[in-house]
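Colleague: I have some questions about how the labels on this model were earned. Can we go through them?

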Amino acid sequence: MSVLYALLFYVATVIFVVGMVMKIRQYWNTPAPLKIPTTPAPTTATGVVFRMAREVLVFESLFKSNRWIWIFGYLFHVGLALVTIRHLRYFIEDVPTIIMVMQPLGVAGGFMMIIGLIGLWTRRIVVERIRYITNPSDHLILLLLVMIGFSGMMMKFISHTDIVMLKTFILGLFGFSIHDLPLDFPLLVHLLLVATLMIIFPFSKLLHAPGIFFSPTRNQIDNPREQRHTAPWTRNLDKL
Amino acid sequence: MADFQVPEYREYPGAPIPLQEGATAHLKPFLAKPNHQEQLGFPGELVENWEEKAIAKMGDLLNRYRSLRVYMDACVKCGSCTDKCHYFQGTADPKNMPVARQDLMRSVYRRYFTLAGKYFPKLVGARDMTREVLDEWYSYFHQCSQCRRCSVFCPYGIDTAEISMAAREIMDSIGYGQKYCNEILGKLQTIGNNLGLPGKALESTLGEFEEEIEEDTGLPVKIPIDKVGADILLITPSADFFAEPHIDGLMGYAKVFHEAGVNWTLSSYASEAANFSMFIGSYDNLKVVAERIRKAALDLGVKRIIVGECGHAWRVAYSFWNTTAGIGSGGDEPYAQALQKQLDHNYPIPQHICEFIWDLIQKGKLRFDKSQTDWRTVTFHDSCNVARGSRMGNYPGGQFDIPRNVIKAVCNNYYDMDPDTIKEKTYCCGGGGGLLTDDLMEIRVKGALPRMEALNEVVKDHGVTHLAAICAICKAQFAKILPYYKFPMDMIVSTHQLVSEALVMTGSTQEEELDEE
Ligand code: SF4
Ligand code: SF4
């Protein structure tokens, strides 16, 4: 079992990393030939950095649009961030104090994540407009995330797993040596689902994460009159 | 008056709208004739293996436009944009929800360009490119005015306009284009304007306007055309030469130019600011049309270029002219330099007519008699393309302030509409994006609902009598649809019509009367 899981994580990591690198490279290499920032837009690069930061850190556009989606979406993402930070202690030999101090926050994050997800899911089922645009895959991704959250919470509150053993297993993976994994059901489910998430990431709507940084309506500077903006293929069409 | 029902004002415009599947599936514009298609370099009619060709074209566009590439992938179906489109609000057809409109293409994208869609089409809602899909595309991608309201509210800035432009380009490339846009673009490229008005006809029309202004002011105000050596080239939508209330705006510009004492001209070769190439997503045509203006500027030797009141034209001029034709500043390539070294970069290039006049007003160069417009109470309609696709002045949001400042400088009675319906959240008039054609009347009327509701509110609350605009399409659309909502058609006015009404020109009869009092 330990070997199986070790392999699973190697495969998942390779798919995730290679998939994301290829996608990001594709986004990077595709030109944005025209200036299309949604105005009013910043007129300087610093301004764009701030705009992007507001989008990524507080979901500014969503906030303007729909308070419910914002609340649930924000709860989920902040929860996820806190949980991720909490998990760092399983990956680092000598855990820095800051991560230790943040452990309880990570638990709160778990609750935020699950509440957010259930809120979003409820809206997806109850609000007719959102139900209309939903595909089966949208439900499955929610199911996956909710189950990751639940299986994780189970280990915290119901059936603890041997954390020391788990950490030995994980740190072993970095050195390509396979140690025993505690064979607890919630842990095995949790790890399986996380690996699944990593595998589907580069092939699904989860690409919104890198995508937002490449969105021309958000990342372009509003200066088309001052600076001529071109792409290689548009320059090729310029004939004197 | 119509063979469809004009929507009723909603009691709570924010309340959820029960979906009516297929409510406007029957609406589609006339198909372009072979000659309309061919003159733009598209196949005359639906090509044989169009399914394959369409997919190949989609692949080509995915490689050329980062917007399309990222937007196909990034949508999480959060639903934030679903109730933001005026066409959805006016029709309740779920396919008019921005994300559902994108999904018409995204479903095909997923089928042919993603692993998930290749192997699990049902799971991710992927579809083959079939006749039904094409029909849906033709219908619903012509029920999008590319106003970008949805993109304001999307957490990733997904712009449905980019997707409907790409869809139209794909349809054009397989011989399935829209008559209205393509026919007009043909006229523009052969004659010089959307109307197909030749230079001679134009000259005589302008002569009539000159007489009218002289009668009114007692001054020999000129509207020069093809004047070599002029400093300023005015590029304005050709509707300004013949339609109401556009004409009054044009006479307004002429009076302002005269009063400012500048040396300006129109061009018969480039007698059109509109550039419908944007609506059909065709970079090639966008460039061909913009290059007419480049050529006119070079031939006439002008130093500045000013653009008249038109929404999408201002977006094209402001955002795309520099890229497509080197009309602007800061271009190093020889192609851009050829024109740019002749231009005077102390002024913005291109400059919006509202920027030009606001500058004069701030310098105290114009005199107004605001009592002349006291019989009006005015509100302002932000054109979608100006609001969300361009700028005026030197700070973000200048496009909202400058036209309002100009109106307030000439009118005492001004009120804004509901803040959720103006500025960056403005609603399209309902006729933008290549929809301003009689064969799409139903969607135009229905799509105007949110704007009409907001207008109705200020009419009731503040006694607003006139709706000012800075867009040829908005003006034509409102003149047509206001009566459907029981407003008089002459409620819509040009912004420079208001300027013209209040302007007191040096040496004019108005000045004499005013100074006698
Ligand atoms: S661009 Fe405008 S018309 Fe098109 S879907 Fe978005 S809101 Fe609707
Ligand atoms: S707001 Fe953006 S991400 Fe959300 S459903 Fe609409 S297009 Fe998709």
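Colleague: What makes a residue pair across the interface of chain A and chain B a polar contact, and how many are there?
Modeller: This is a predicted model. A polar contact needs N or O atoms within 3.5 Å, with one able to donate a hydrogen and the other to accept it. Across the interface of chain A and chain B, 46 residue pairs pass, both partners being at pLDDT 80 or more.

Colleague: Which parts of chain A supply the side that touches chain B?
Modeller: Several helices give at least two residues each, among them helix 1 (2-29), helix 3 (60-65) and helix 8 (136-157) of chain A. By class, that side of chain A has 27 nonpolar, 20 polar and 17 charged residues.

Colleague: How many residues does each chain put into the contact?
Modeller: Chain A gives 64 residues and chain B gives 92. The buried area between the two chains is about 6100 Å², and carbon and sulfur atoms give 56% of that. On the chain A side, A:Arg129, A:Arg225 and A:Arg228 supply 16% of the area buried against chain B, more than any other three residues.

Colleague: Why is the pair A:Glu226 and B:Arg391 called a salt bridge?
Modeller: The cut-off is 4 Å from a side-chain nitrogen of Lys or Arg to a carboxyl oxygen of Asp or Glu. The N to O distance for A:Glu226 and B:Arg391 is 3.9 Å, so the pair qualifies. Across the interface of chain A and chain B the rule finds eight salt bridges. Over all chains, the whole structure has 39.

Colleague: What makes B:Glu424 and A:Lys64 a pair that joins two chains?
Modeller: Their closest N and O atoms are 3.0 Å apart, and they form a salt bridge. B:Glu424 lies in the loop between helix 19 (398-410) and helix 20 (441-447) of chain B, while A:Lys64 sits in helix 3 of chain A, so the pair joins two chains.

Colleague: Why is A:Lys64 called partly exposed?
Modeller: Buried means under 20% and exposed means over 50%. A:Lys64 has 28% relative accessibility, so it counts as partly exposed.

Colleague: What about the salt bridge of B:Arg367 and B:Asp515: what makes it a link between distant parts of the chain?
Modeller: The closest N and O atoms of B:Arg367 and B:Asp515 are 2.9 Å apart. B:Arg367 is in the loop between helix 17 and strand 5 (378-380) of chain B, and B:Asp515 is in helix 24 (residues 509-516) of chain B, 148 residues apart. B:Arg367 has a relative accessible area of 34%, so it is partly exposed. B:Asp515 is at 48%, so it is partly exposed as well.

Colleague: Are B:Asp382 and B:Arg404 buried or exposed?
Modeller: Both B:Asp382 and B:Arg404 are buried. Their side chains meet in a salt bridge at 2.7 Å, N to O. B:Asp382 is in the loop between strand 5 and helix 18 (384-389) of chain B, and B:Arg404 is in helix 19 of chain B, 22 residues apart.

Colleague: Which residues do shared salt-bridge partners join into one network?
Modeller: The network holds A:Arg228, A:Asp238, B:Lys287, B:Glu291 and B:Glu333.

Colleague: How do you know that B:Glu215 is exposed?
Modeller: Exposed starts over 50%. B:Glu215 is at 72% relative accessibility, so it counts as exposed. B:Glu215 belongs to helix 12 (residues 199-217) of chain B. B:Glu215 and B:Thr509 are 294 residues apart in sequence, with C-alpha atoms 9.6 Å apart in space.

Colleague: Why is helix 17 (residues 353-362) of chain B called mostly covered?
Modeller: Eight of its ten residues are buried. B:Phe356 and B:Trp358 are among them. Just after helix 17 of chain B, B:Gly364 takes a positive phi of about 70°.

Colleague: How many residues surround ligand 1, and which are closest?
Modeller: There are 13, and the closest are B:Cys85, B:Cys144, B:Ser145, B:Cys147 and B:Cys150. Helix 4 (86-91), helix 5 (98-113) and helix 9 (149-153) of chain B each give two or more residues to the shell. By class, the shell has six nonpolar, four polar and three charged residues.

Definitions and conventions: Residues are numbered from 1 along each chain as its sequence is written. Chains are lettered from A and ligands numbered from 1 in the order in which they are written. Side-chain values use heavy atoms; hydrogens and water are left out. Buried means under 20% relative accessible area, exposed over 50%, partly exposed in between (1.4 Å probe, protein chains only). Helices (H or I, at least four residues) and strands (E, at least two) are DSSP runs, numbered from the N terminus. Contact means heavy atoms within 4.5 Å. Buried area is the accessible area (1.4 Å probe) that two parts lose on being put together, summed over both. A polar contact is a pair of N or O atoms within 3.5 Å; within protein, one must be able to donate a hydrogen and the other to accept it, and residues adjacent in sequence count only if both atoms are side-chain atoms. Ala, Val, Leu, Ile, Met, Phe, Trp, Tyr, Cys and Pro count as nonpolar, Asp, Glu, Lys and Arg as charged, and the others, Gly among them, as polar. A residue is near a molecule or strand if one of its heavy atoms lies within 4 Å of it.
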